Amino acid sequence: MTRRTIGVMAKTAADGREAAQLLARRGAEVVSGAELATADVVLVLGGDGTLLRAANRLRDTAIPIIAVNFGHVGFLAEAEPESLADVIDKLVAGNYRVEERLALDICVTTATGKVTRGWALNELAVEKAARGKMVDLAMAVDAQPVSSYSCDAMVISTPTGSTAYAFSGGGPVVWPDVEAILIVPIAAHALFSRPLVVAPDSLIELRVTPGTSDAEIWLDGSRSLPAPIGSTISIRRAAKPVSLARLEAVPFAGRLVAKFDLPVHSFKYRLGVQRR
């Protein structure tokens, strides 16, 4: 059997050491830190935030990432901590499949012509920079003006991110194999403020119009770009997706029920009330 190189990125040093020891005992070469880019697959120990940080670190590679949930909800995680040994056995044996997830590229052009770029796997949030004010945004999709908003924020999400910030803002849950981009206004002072679902290859443009606040763009909740008044923010599907390693062909509906503890039986049935 070919010796596999497996990267480890953990939220805590103790969890990282435990995983590295298990991997070494099974004959894997273990790498971390700057050597993660040499791995066949990267094992992440933590919550969704740790996985998103790993995805950013590995953005210039095609290395698949798999997470074991040592965090809270862990919606992107493949397994819980009690299954760590089993996950490691399958990684060492190469028994996993790779699933590609749509990502977003972001380009900010200021009124002076300065250009900054970023990317996101879950979402980008265009937020007000001044806490006590709103941000004014004019939106166009595929060069067609759609609407203007005075709001606390505008979330542009992938299907992967539809269970995160977009979900909290009232957006729909979108199955990850559906190709689409979500637009979710947050606390908009507007009659038309419904979430929108657009085609995966649509170009979304947001202009920070003269109003009450500059904007700040948060990418996956951990990286930011400034967008002062007059800036145009262009969002489109990234040419390069993110690769996630999967062990089991578990339906997304099952993951949704488990993570959100959804009531799959009727309310009366759960209380033991029988029909007459």
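This report looks at two helices and the largest pocket of a predicted model.

Local features need pLDDT of at least 70, side-chain atom pairs count only at pLDDT 80 or more, and totals for chains, interfaces and linings use all residues. Residues are numbered from 1 along each chain as its sequence is written, and side-chain values use heavy atoms, without hydrogens and water.

**Helix α1.** Helices are DSSP runs of H or I with at least four residues, and strands are runs of E with at least two, numbered from the N terminus. Helix α1 covers residues 13-25. Its 13 residues reach 18 Å from first C-alpha to last, close to the 18 Å expected at 1.5 Å a residue. That expected span is 1.5 Å times one less than the number of residues. Buried means under 20% relative accessible area and exposed over 50%, with a 1.4 Å probe and protein chains only. The face of α1 turned away from its buried side carries exposed Ala13, Arg17 and Arg25.

**Two helices compared.** The table lists buried residues and the glycine just after each helix.

| Helix | Buried residues | Glycine just after, phi |
|---|---|---|
| α1 | Asp15, Gly16, Ala19, Leu22, Leu23 | Gly27, about 90° |
| α3 | Leu84, Val87, Ile88, Lys90, Leu91, Val92 | Gly94, about 75° |

The buried residues of α1 pack against β1, β2, β3 and α3. Those of α3 pack against β1, α1, β3 and β4. Contact here means heavy atoms within 4.5 Å.

**The pocket.** Helix α5 (252-260) and α3 each supply at least two residues of the lining of the largest pocket. α5 gives the most, with 4 residues.
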